Structures are given as structure tokens and as C-alpha cells.
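Reader: Could you take me through this structure step by step? I am in my first year and would like to begin with one small part.
Author: Certainly; let us look at the structure together.

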There are 2 protein chains.
Amino acid sequence: MDPRCGCDNCELKTAFFESFRKEELGIFCDQKVEVPYKRGDIVFSEGDEIRYFAYLKSGLVKLFRTDPDGKDQIITIAGPFDFVSLLGVFSETHQTYSVSVLEDAVICCIEIEQMKAIALKNGFFTLNLMEKLGSISNKIILEALEIRKRHTHGKVAYILLKFSQSIYQSLVFDLPVSRREIAEYIGMTTENVIRALSEFRKEKLLRINGREIEILDLEALERISNYG
Amino acid sequence: MDPRCGCDNCELKTAFFESFRKEELGIFCDQKVEVPYKRGDIVFSEGDEIRYFAYLKSGLVKLFRTDPDGKDQIITIAGPFDFVSLLGVFSETHQTYSVSVLEDAVICCIEIEQMKAIALKNGFFTLNLMEKLGSISNKIILEALEIRKRHTHGKVAYILLKFSQSIYQSLVFDLPVSRREIAEYIGMTTENVIRALSEFRKEKLLRINGREIEILDLEALERISNYG
DNA sequence: CGCGGCTTTGATGTTCATCAAGTAAAGTGG
DNA sequence: CCACTTTACTTGATGAACATCAAAGCCGCG
């Protein structure tokens with residue numbers, strides 16, 4: 001692996017860069033820029049011109065849209081090794097969503113034109129890229145459908161399990177988002193998110209201390225997510 | 001254009017096949033199979049092995065998932081020139097959704113391995129393919145978000161406008177789906193879909209005769225879709 | 001003809017959004 | 001550092017939206 005990249009644990013590199021010949025990897029490494037972000041930073045906003053392909057090296061970000069009357073709707077929450085750029089990156093000229101930082105993040109950026117140039121020359125790379133982008137888009141679509149078919153309690157249980165299992169791999173974790181953001185994610189009101197959380201707490205399914213959550217009864221929560 | 005394909009109006013051909021050299025187009029044409037389907041036919045089912053890349057030449061199909069207790073959830077409705085295969089086609093081995101036919105259709109199938117082989121050799125083709133697949137996935141995600149944020153009347157208005165504007169380009173059209181399927185699409189009960197339609201009829205926004213719909217007051221319907 | 005599926009309407013109770021009010025926490029300016 | 005403002009969080013009350021149950025009409029098909 002070309003040491004110029006200096007990204008020892010980069011999954012993008014290990015997953016795709018094997019498709020490169022040495023000199024191509026060099027181009028890639030020379031072109032990429034790593035940008036550190038702090039909690040609360042905006043990476044880019046809806047409507048911005050798309051100039052970079054963005055990949056999340058570390059941290060946690062949220063993808064969201066803002067509607068005309070200023071209300072946000074969260075599309076998904078992305079962790080390390082997820083792309084920040086979704087499929088539109090090659091078909092759109094401007095961003096169709098905004099990205100902000102939930103936990104300090106490092107984002108690896110490559111000029112989109114550079115990316116296209118490499119893709120044109122290397123079918124294997126492009127196919128790999130398409131597979132990865134495809135599986136992420138699929139995940140987002142699946143998640144949207146799962147959320148759509150649940151009611152309030154099921155929605156809240158589902159999202160708690162997502163944090164616990166997909167993101168933190170732990171029964172104890174700090175919520176990276178406010179109650180309002182959870183509401184914006186799953187399409188309900190802030191008050192009802194809080195009510196559902198309170199009821200889970202009263203029924204001893206959760207321990208809640210501010211944003212700190214401990215799942216006490218995983219099976220019950222899963223039951224509510226699946227059949228509640 | 002290679003006459004062997006015999007698909008004069010194939011957008012897939014006009015959009016992408018320009019990226020092929022003559023002999024590649026020949027391979028493509030030799031490999032593809034066109035399959036006619038009748039209303040009600042199942043094109044493939046959730047869990048089937050993915051062997052073909054599928055493209056909708058004509059007709060109308062629905063993409064849907066079936067949950068453990070047998071309830072369907074419609075992902076989207078696809079018209080001519082949409083892909084039937086979504087992004088998962090390159091990253092999954094088995095279908096993650098089913099496809100059935102709403103209006104007699106012709107589907108063009110290409111073996112997935114053949115497709116990958118072509119993609120490997122032709123970066124321009126792959127990039128084009130990724131753009132098209134990306135814009136379709138984007139559309140599905142966007143639609144899921146739009147539906148999620150609306151209430152019953154807004155949802156029904158939204159879906160009627162989708163049929164009128166995106167699919168039929170006419171204020172008068174025959175619904176290709178039952179009331180129950182509309183409910184499965186937008187995540188509400190059949191009864192409430194019917195109630196919403198009846199109210200639109202009573203308020204002179206629609207003329208309804210079975211599955212035949214005429215939009216009488218487009219502006220009011222758009223208002224309900226956007227702010228109702 | 002009769003059965004099953006689709007459609008429609010009504011009645012009923014639950015779920016949910018909205019409004020209101022209050023506490024706690026976190027940021028801001030003097 | 002403290003007063004002040006703002007934002008986040010929480011609970012209750014209320015009415016509207018919605019799902020569920022029930023019943024009846026309609027149509028196509030074996």
C-alpha cells in the first residue's frame with residue numbers, strides 16, 4: 001500500500017484501492033484532502049455545488065433535509081466507513097441534502113472530477129464503488145421503509161436498537177442526538193419521543209440519564225420494535 | 001446503432017450504448033433477452049437469486065416487500081425506462097424485494113455476470129450506469145421522505161399527483177392499483193385512503209368512477225399535498 | 001348461483017399532535 | 001462569576017387524526 005496516503009486503517013483504501021495500479025494510487029493520494037470537523041459543524045448544505053466526493057473516516061454525522069418552513073428531516077445517521085456522498089454525487093450538480101457533525105469527525109475529500117477520471121480508467125474500481133454506494137443506498141431505503149411501517153413505540157425502540165447495535169455495539173451509550181432530532185428522524189413529535197422514552201424507563205426497559213442510555217431489557221425492546 | 005438489438009426506442013441503448021464499441025454492443029445484444037409480462041405476473045420475488053439485470057422497456061410495475069406476517073409494503077412504482085433492478089443488484093446475491101406487474105410490461109434482461117464483465121471493461125458505461133441507478137435510488141429515498149412527513153390527506157394527494165404528473169402526464173387516468181395497494185404504498189389503512197378519496201370527491205377536487213380518476217381542482221390538490 | 005375479493009360507510013376507542021406550563025441545562029454578555 | 005437568555009427536556013390536558021371492527025353493496029369468476 002502506498003505510504004503516501006498515510007491512512008493505515010482506511011477501509012476505502014483496503015476495499016477499493018487494491019483495484020489501483022501503483023501510479024493511480026499515487027494520484028489518488030495526492031488529490032485527497034482530510035478535513036477535521038468539530039461537533040456541530042456543517043460539512044455542506046443543501047444546494048451547495050458538488051465539488052468533492054466525501055468519505056467519513058471517523059466520527060458520526062447526520063444527513064438531513066430542510067423544508068421550506070425551516071423544519072429539518074433527518075435522512076440517516078452515518079458512522080465511520082460510510083460515505084457521506086450518496087449516489088447523487090455522480091448524477092447531480094448540487095447537494096440534495098445537508099450534512100452536519102454529531103461527533104468530531106475526519107472527512108476525506110476527493111475532487112469529484114478526479115474521481116470520475118479515475119472511474120473512467122478503472123472499471124474494477126467503479127464496480128467496487130457502485131457496490132458500496134449501492135449497499136448504503138439500499139440500507140437507507142430499507143431503514144425508511146422499516147420506520148414507515150412502525151408506530152411511535154416501535155419507532156423509538158427501532159432507533160434505540162440502531163444506536164445500540166449498528167453504531168455503538170453496546171447496551172450503554174450516549175445518544176448523539178437530541179430528543180427533537182430523534183423526532184425529526186422517525187417522523188413524530190418531540191413530546192411523544194419523550195413520552196415513549198419515559199414509558200420505557202418506567203417499565204424498566206431502559207435506564208435514562210440525560211443523553212446516557214442503558215438498555216436493561218433487550219428482548220422486550222426488540223419485541224416492541226418488531227411487533228409493537 | 002447496431003441493428004441486432006432491434007430496440008429502436010430503448011433509452012438504455014441511447015443513453016448508455018454510445019459508450020460501447022461496436023463489438024461490445026454486439027455482445028450486449030446477443031446476451032439480452034426480452035420477456036413480456038401480463039398484469040398480475042410476478043417478475044421475481046424477495047429472496048430469489050439475482051441472476052439478471054432487469055430494465056423496464058414498457059408497462060408499469062410495483063416494487064414491494066412482504067413482512068413476516070404477510071403484509072405487503074410498496075417501495076415504489078416504476079414506469080418505462082426505469083430500472084427494475086436497483087443498486088443492490090451488484091452488491092447482493094439475492095433479491096431484497098419483489099416485483100409484480102401492474103400494466104402489461106416488457107422487461108429486458110441481461111445476465112448479471114455479463115453486465116459486470118462489460119462494466120469492468122468499460123468505465124464510461126459503468127459511470128453512466130451508476131449515474132442512472134443513483135438518480136433512481138435518490139428518487140426513491142426522496143419519495144420515502146416526502147411520504148413520511150405528510151398526514152393522510154397530504155399523502156393521498158401526493159400519490160394522486162405522482163400518478164397524474166410523473167406516470168400518466170394527464171389529469172384523467174385509471175389508477176393502476178387498488179385502494180389497498182395505495183394504503184400499502186403510503187403507510188395507512190385502506191379505509192382511510194377511501195375516506196380521503198371520498199372527501200376529495202365531495203369537495204369537487206376529484207371525479208371518481210371506480211379506478212378512473214379525474215383531477216378537477218389541481219391547485220387545491222397541490223395545496224393539500226404541500227400544506228395539508 | 002354463491003363465493004371471495006374489493007369498495008364504501010358508520011361507529012368506536014386508541015393513538016397522536018398540539019397547546020400550555022414548568023424544570024433543568026447550557027450558552028451569552030456584563 | 002453571576003444574571004440573563006435561550007434551548008432542551010418533561011409532564012399534563014385536550015381535541016383531532018387515525019386504526020380497528022362491523023356491515024353492507026358491488027362485481028367478477030368458477
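**A hairpin, two domains and a DNA strand**

Author: This is a predicted model. In chain B, strands β7(B) and β8(B) form a hairpin with two residues between them, and B:Gly210 in the turn has a positive phi of about 65 degrees.

Reader: In which sense do β7(B) and β8(B) pair, and over how many bridges?
Author: The pairing of β7(B), residues 206–209, with β8(B) is antiparallel and runs over four bridges. Within this pair, B:Leu206 stands opposite B:Ile215.

Reader: Which other strand pairs with β8(B)?
Author: Strand β6 of chain B, residues 172–174, also pairs with β8(B), in the antiparallel sense and over three bridges. Here B:Phe173 is opposite B:Ile213.

Reader: Which side chains of β8(B) are buried, and which are not?
Author: The strand covers residues 212–215, and its side chains alternate. B:Ile213 and B:Ile215 point to one face and are buried, whereas B:Glu212 and B:Glu214 point to the other face and are not buried.

Reader: Why do side chains alternate in a strand?
Author: In a regular strand, side chains alternate between the two faces of the sheet.

Reader: Changing topic: how is chain A divided?
Author: Chain A has domain 1, residues 11–146, and domain 2, residues 150–227. The centres of these two domains of chain A, taken over C-alpha atoms, are 27 Å apart.

Reader: How many residues does each domain of chain A bring to the contact?
Author: Domain 1 of chain A contributes eight residues and domain 2 of chain A contributes eight residues.

Reader: Which strands supply the side of domain 1 of chain A that touches domain 2 of chain A?
Author: Strands β4 (72–78) and β5 (98–111) of chain A each supply at least two residues of that side. The largest share, three residues, comes from β4(A). By class, this side of domain 1 of chain A has three nonpolar, two polar and three charged residues.

Reader: And the DNA: how many residues surround DNA strand D, and which are the closest?
Author: DNA strand D is surrounded by 17 residues, the closest being A:Ser178, A:Arg179, A:Ser198, B:His151 and B:Thr152.

Reader: Which helices supply the surface near DNA strand D?
Author: At least two residues each come from α7 (179–186) and α8 (190–202) of chain A and from α8 (190–202) of chain B. Helix α8(A) gives the most, with six residues.

Reader: What is the make-up of the surface near DNA strand D by class?
Author: That surface has four nonpolar, seven polar and six charged residues.

Note on methods:
Residues are numbered from 1 along each chain as its sequence is written. Chains are lettered from A and ligands numbered from 1 in the order in which they are written. This is a predicted model: local features need pLDDT of at least 70, side-chain atom pairs count only at pLDDT 80 or more; totals for chains, interfaces and linings use all residues. A residue is buried if 20 or more other C-beta atoms lie within 10 Å of its own, exposed if 12 or fewer, and partly exposed in between; C-beta atoms are placed from the backbone. Two strands pair if DSSP finds at least two bridges between them. Domain bounds come from an automatic or database domain assignment. Two residues are in contact if their C-beta atoms, placed from the backbone, lie within 7 Å. Ala, Val, Leu, Ile, Met, Phe, Trp, Tyr, Cys and Pro count as nonpolar, Asp, Glu, Lys and Arg as charged, and the others, Gly among them, as polar. A residue is near a molecule or strand if its C-beta atom, placed from the backbone, lies within 6 Å of it.
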